[in-house]
Amino acid sequence: MAGTASQPVLLSMMGMSPRFATRPDVRTRGTMYCAKAKTALKDDLEHVCIENIQACILVGNNCMGDCDADAESLYFVLATRMAQILNLGVCNEADDGVTCETKRRLFWTCFIIDTWASGGSNLSRQFGRQAKQPRVPMDEFVFSTMKSGDPDIPDSEWRPGLWGYMVRLVEIYTQIQQLHKQLAETAEWDEALIDESVRRLEAELDAFAENLGPGLTFSMENLAVFYLDQRRPSTRNGKKYAARCKAHAAIICDVLKASREIPGAEALYNIVGHVTIVSSSVLLHTYLFGEPQELEDSRRRLESNLESLVQLRSYWLSVELMINRLVVFQKNCMMSFSKNTHRFDKWMVKFLSAHALATWSFSFSPPESWDAEKTWRSVGVRSSYEGVSLARDLNQ
């Protein structure tokens, strides 16, 4: 019936929502509803339909938030396979505008989650680029005003929304992910090819940023509305890339700080945790090994990021695993007494790309300074973060 949600979808939403509640007795209900959602979905699993794709995605996200990467990957694969069976990339003549746009959004959601979950678990992707793909999601406000029975928006009036730009960014990320995978699996690295690939990706990211337009770049006004390794062979762009890496880490910090301070702008979804860890690892390396003039700013930004991680951890159990990865990185930096801790080798490539795997499960040998027993014996992140010291060497 139009305007209603299927039982698996409804229960999945009920399973995710309690984690954001302030009352403990409400938060504890999430596990129960998640279990009921899985049962309802399994009972209807052979019914290939839009509602069950939505349910698989929601259940998968619940599993991701609870640190169950295997189940997350399984449910996401089910969603992508159903999307392929239904050929969601093509709208039927009988579909109204809402149905067409829903299909497009599900198609690109499957593309994004397949890219993310497969790479994070070091598995093969199931939802590769297809010969015929739908246009990316439309402007969110326009979609929100559409009613059942309205015709589809013609191409002449269509414009992409924020989710549409995200699709393009994930397409670039897919290429970065593929480069990481090739490096992790290649015995001898072709430095000239690596440099060429990085310059090409840099150009694509620059073009993406330029095409965003002033209304979608980060600013307080818009929000109100809506290579560090020194052992790598030197390249002419090495210092520039390092500087840009630090600049983007700072921008992420600013966005997170604004999201915490502006009512209604909270960024609480799970993937924010991973983005925060990436930003924090750059800031941490800068703080430990950077220049004196970088010290105060990197410390301040790192402490700001930790506030976001504390906030996110209260909603997503998986953020604890992300925090532990950052603590392992910090402790190995401090044990090494070397600026070469952030060593870009096969181990580091896999550390960057396989974000859903525990650090000890990597098949490659870790850096020489790695002492797993000593490191994990010392890891203990407390709620107030007293355990994360910010000393620049072991004697401070």
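**Reasons behind the descriptions in this model**

Me: Why does Ser281 count as buried?
Reply: The relative accessibility of Ser281 is 17%, and a residue is called buried when the value is under 20%. Ser281 is therefore buried in this predicted model.

Me: Where is Ser281 found, and with what is Ser281 in contact beyond its neighbours within four places in sequence?
Reply: Ser281 belongs to helix 12, which spans residues 271–289. With those neighbours set aside, Ser281 has contacts with Leu326 and Phe329.

Me: What makes the approach of the Ser281 side chain to the backbone oxygen of Val278 a polar contact?
Reply: The side chain of Ser281 reaches that oxygen of Val278 at 2.8 Å. The cut-off for such a pair is 3.5 Å, so the distance of 2.8 Å qualifies.

Me: Why does Thr286 count as buried?
Reply: Thr286, also placed in helix 12, has a relative accessibility of 7%. This value is set against the limit of 20%, and Thr286 is therefore classed as buried.

Me: Which backbone oxygen lies 2.8 Å from a polar atom of the side chain of Thr286?
Reply: The oxygen is that of Val282. The separation of 2.8 Å is to be set against the limit of within 3.5 Å for a polar contact.

Me: Why is Ser314 called partly exposed?
Reply: Its relative accessible area is 34%. Buried would require under 20% and exposed over 50%, so Ser314 falls in between and is partly exposed.

Me: Where does Ser314 lie, and with which residues outside its neighbours within four places in sequence is Ser314 in contact?
Reply: Ser314 is in the loop that joins helix 13 (295–313) and helix 14 (318–336). Apart from those sequence neighbours, Ser314 touches Arg19 and Arg27. In addition, the C-alpha atoms of Ser314 and Leu268 are 10.0 Å apart in space, while the two residues are 46 apart in sequence.

Me: What makes the phi of Cys67 worthy of mention?
Reply: Phi of Cys67 is positive, at about 70 degrees, and Cys67 is not a glycine. Most residues other than glycine have a negative phi. The place of Cys67 is the loop between helix 4 and helix 5 (69–86), and with a relative accessibility of 37% Cys67 is partly exposed.

Me: What is the phi of Asn87, and why is Asn87 called partly exposed?
Reply: Asn87, a residue other than glycine, has a positive phi near 55 degrees. Asn87 is located in the loop between helix 5 and helix 6 (97–120). Its relative accessible area is 42%, and the range from 20% to 50% is that of partly exposed residues, so the term applies to Asn87.

Me: Why is helix 8 called roughly antiparallel to helix 9?
Reply: The axes of helix 8 (residues 162–185) and helix 9 (residues 191–212) cross at roughly 170 degrees and come within 11 Å. Angles over 145 degrees count as roughly antiparallel, and the two helices are therefore described in that way. Residues that make the contact include Tyr165, Leu169 and Ile172 of helix 8 and Ile194, Leu201 and Phe208 of helix 9. By class, this contact holds 11 nonpolar, 3 polar and 3 charged residues.

Me: Why is helix 1 called roughly antiparallel to helix 3?
Reply: Helix 1 and helix 3 pack at about 160 degrees, and their axes are 7 Å apart. The angle lies beyond the limit of 145 degrees, so helix 1 is roughly antiparallel to helix 3. The contact brings Gln7, Pro8, Leu11, Ser12, Met14 and Gly15 of helix 1 against residues of helix 3, among them Tyr33, Cys34 and Ala37. The residues of this contact divide into 8 nonpolar, 4 polar and 1 charged.

Me: Which residues of helix 1 are buried, and what covers them?
Reply: In helix 1 (residues 7–16), the buried residues are Pro8, Val9, Leu11, Ser12, Gly15 and Met16. Their cover includes helix 3 and helix 4.

Me: At what angle do helix 3 and helix 4 pack, and which residues meet there?
Reply: Helix 3 (residues 29–43) and helix 4 (residues 50–65) pack at about 145 degrees, with axes 10 Å apart, and the crossing is left-handed. Cys34, Ala37, Lys38 and Leu41 of helix 3 meet residues of helix 4, including Ala55, Cys56 and Val59. This contact comprises 7 nonpolar, 2 polar and 1 charged residue.

Key. Residues numbered from 1 in each chain as written. Predicted model: local features only at pLDDT ≥ 70, side-chain atom pairs only at ≥ 80, totals over all residues. Heavy atoms only, no water. Axes fitted to C-alpha atoms, helices over the stretch in contact; angles between N-to-C directions. Helix = DSSP H or I, 4+ residues; strand = E, 2+ residues; numbered from the N terminus. Left-handed = near helix turned anticlockwise from the far one by under 90°. Contact = heavy atoms within 4.5 Å. Nonpolar A, V, L, I, M, F, W, Y, C, P; charged D, E, K, R; others polar. Parallel < 35°, antiparallel > 145°, perpendicular 65-115°, else oblique. Buried < 20%, exposed > 50% of the residue type's maximum accessible area, 1.4 Å probe, protein only. Polar contact = N/O pair within 3.5 Å; in protein donor to acceptor, adjacent residues only side chain to side chain.
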